[in-house]
Amino acid sequence: MYGTIPIAASFSKSGMREDWITAFMMSSILLNPQLFFYSFALGTEIAMLRLLVAFICGCAGGLLIHIFFKQRSFYKFTDFDLPENRDSEANIVRRLLKYMGRNIRITFPYFLLGVLLTALYQRYVPSRWVTGLFGANQGLGALMAAALGIPLYTCGGGTIPLIAAWLGEGMSKGSATAFMIAGPATKLTNLGAVKIVLGAKHFILYLVFSILMSTGAGMLVDLLFYGI
């Protein structure tokens, strides 16, 4: 997200339309390439669902901006200063290895946290609770999963083991999708970055859109897979 905002700011200064910027930003918030590959640990079907829903949410966000904010500005990039590039490594291979190592150092503690939460969950939370809350037979499971994604989602990679355990205990694909969309959209660090360029009023619209899209996507996935 902190890489997306400067790019979006540069797009804005270059004259790109705000509906296009919205599609770019929304998709980037929901799914980055690293998290996409991590998602294959949940199965190819879940990973592709995550990719598809992130793409659809980006398109939907851009379409809404085109319809309702065609004649007025939605973003506040005017006072946004683009950061200076401090990468002094000229060799592209060493630069790649450096960034891979940095990403591993950043995400590995969250993976350990995810494994710990999963172990605690499997030890102390009865599987029937998950089946009852998020099972395929619960039409409101997607809404509950979206709500749960707000406080529990800290790192995309760290939630992979937890989601895997939930799916194994009966969580529906739709509920998992809702959690995976609401989580990154409302993650505290992402919210802080988004609020900088939206302002209070438009920030609330962003939150409402994120919850509605994650819940709707989850219900649609359950409808397609389970006929709910």
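Let's start inside the fold, at Ser210: its relative accessibility is 1%, so this serine counts as buried. Ser210 belongs to helix H11, and beyond its neighbours within four places in sequence it is in contact with Met26 and Ala185. Please keep in mind as you explore that this is a predicted model.

Now step back to the whole chain. The secondary structure comes to 11 helices and 0 strands, so if you read along the sequence you meet the pattern α-α-α-α-α-α-α-α-α-α-α. The protein chain has 228 residues, and 41% of them count as buried. Take the contacts with a separation of 6 or more: residues 24 or more positions apart account for 78% of these. Ser210 and Met26 are one example of a contact between residues from separate stretches of the sequence.

What lies at the heart of the buried part? The largest nonpolar core has 50 residues, and those with the most contacts inside it are Met25, Leu30, Tyr75, Phe77, Val197, Leu198 and Tyr206. Helix H4, which covers residues 44-68, gives the most to this core, with 8 residues. Leu198 is a good residue to click on here: leaving aside its neighbours within four places in sequence, Leu198 is in contact with Phe74, Tyr75, Lys76, Phe203 and Tyr206.

Helix H4 is also home to Gly62. With a relative accessible area of 6%, Gly62 is buried, since buried means under 20%. Not counting residues up to four places away in sequence, Gly62 touches Asp19, Thr22 and Ala23. The C-alpha atom of Gly62 is separated by 7.7 Å from that of Glu18, although their positions lie 44 residues apart along the chain.

Another long step along the sequence can be followed from Val194, a residue of helix H10. Val194 counts as buried, at 2% relative accessibility. The C-alpha atoms of Val194 and Met25 are separated by 9.3 Å, and the two residues are 169 residues apart along the chain. Met25 is one of the residues with the most contacts inside the largest nonpolar core.

The aromatic side chains come next. A search of the whole structure finds 8 aromatic pairs. One of them is formed by Trp166 and Phe179, which meet edge-to-face, 5.2 Å centre to centre and with 85 degrees between the planes. Trp166 lies in helix H8 (residues 156-168) and Phe179 in helix H9 (residues 173-186), so this pair ties together parts that are 13 residues apart in sequence. Both partners are hidden from solvent by the accessibility criterion: Trp166 counts as buried at 6% relative accessibility, and Phe179 counts as buried at 1%.

Phe203 and Tyr206 pair in another geometry. Their ring centres are 6.5 Å apart and their planes are at 25 degrees, so the pair is stacked. Phe203 and Tyr206 are 3 residues apart in helix H11 (residues 200-226), which means that about one helical turn separates them. Both residues are buried, and both are in contact with Leu198. Elsewhere, Phe69, Phe74, Tyr75 and Phe77 form one aromatic cluster. Phe74 and Tyr75 from that cluster are also among the contacts of Leu198.

Some of these residues turn up again around an open space. The second largest pocket holds about 340 Å³ of space. Its lining is made up of 17 residues, of which Ile65, Phe74, Leu205, Tyr206 and Phe209 lie nearest its centre. The elements that give two or more residues to this lining are H2, H4, helix H10 (188-198) and H11. How do the lining residues of the second largest pocket divide into nonpolar, polar and charged? They come to 15 nonpolar, 2 polar and no charged.

To finish, move to Met16, whose place is in the loop between helix H1 (4-13) and helix H2 (18-30). Met16 counts as partly exposed, because its relative accessibility is 29%. Leaving aside its neighbours within four places in sequence, Met16 is in contact with Phe11 and Ile21. Set Met16, which is partly exposed, beside Ser210, which is buried at 1% relative accessibility, and you have two settings to compare on screen.

Terms used: Residues are numbered from 1 along each chain as its sequence is written. This is a predicted model: local features need pLDDT of at least 70, side-chain atom pairs count only at pLDDT 80 or more; totals for chains, interfaces and linings use all residues. Side-chain values use heavy atoms; hydrogens and water are left out. A nonpolar core is a set of buried Ala, Val, Leu, Ile, Met, Phe, Trp, Tyr and Cys residues joined through side-chain atoms within 4.5 Å. Buried means under 20% relative accessible area, exposed over 50%, partly exposed in between (1.4 Å probe, protein chains only). Helices (H or I, at least four residues) and strands (E, at least two) are DSSP runs, numbered from the N terminus. Contact means heavy atoms within 4.5 Å. Rings of Phe, Tyr and Trp (its six-membered ring) pair if their centres lie within 6.5 Å; planes under 30 degrees apart count as stacked, over 60 as edge-to-face and the rest as tilted. On a 1 Å grid over the protein atoms alone, a cavity is a set of points where a 1.4 Å probe fits but cannot get out, and a pocket is an open set with protein on both sides within 12 Å along at least five of seven lines; lining residues have an atom within 4 Å of a point. Grid points are joined across faces, edges and corners, and a volume is the space filled by probe spheres set on the points. Ala, Val, Leu, Ile, Met, Phe, Trp, Tyr, Cys and Pro count as nonpolar, Asp, Glu, Lys and Arg as charged, and the others, Gly among them, as polar.
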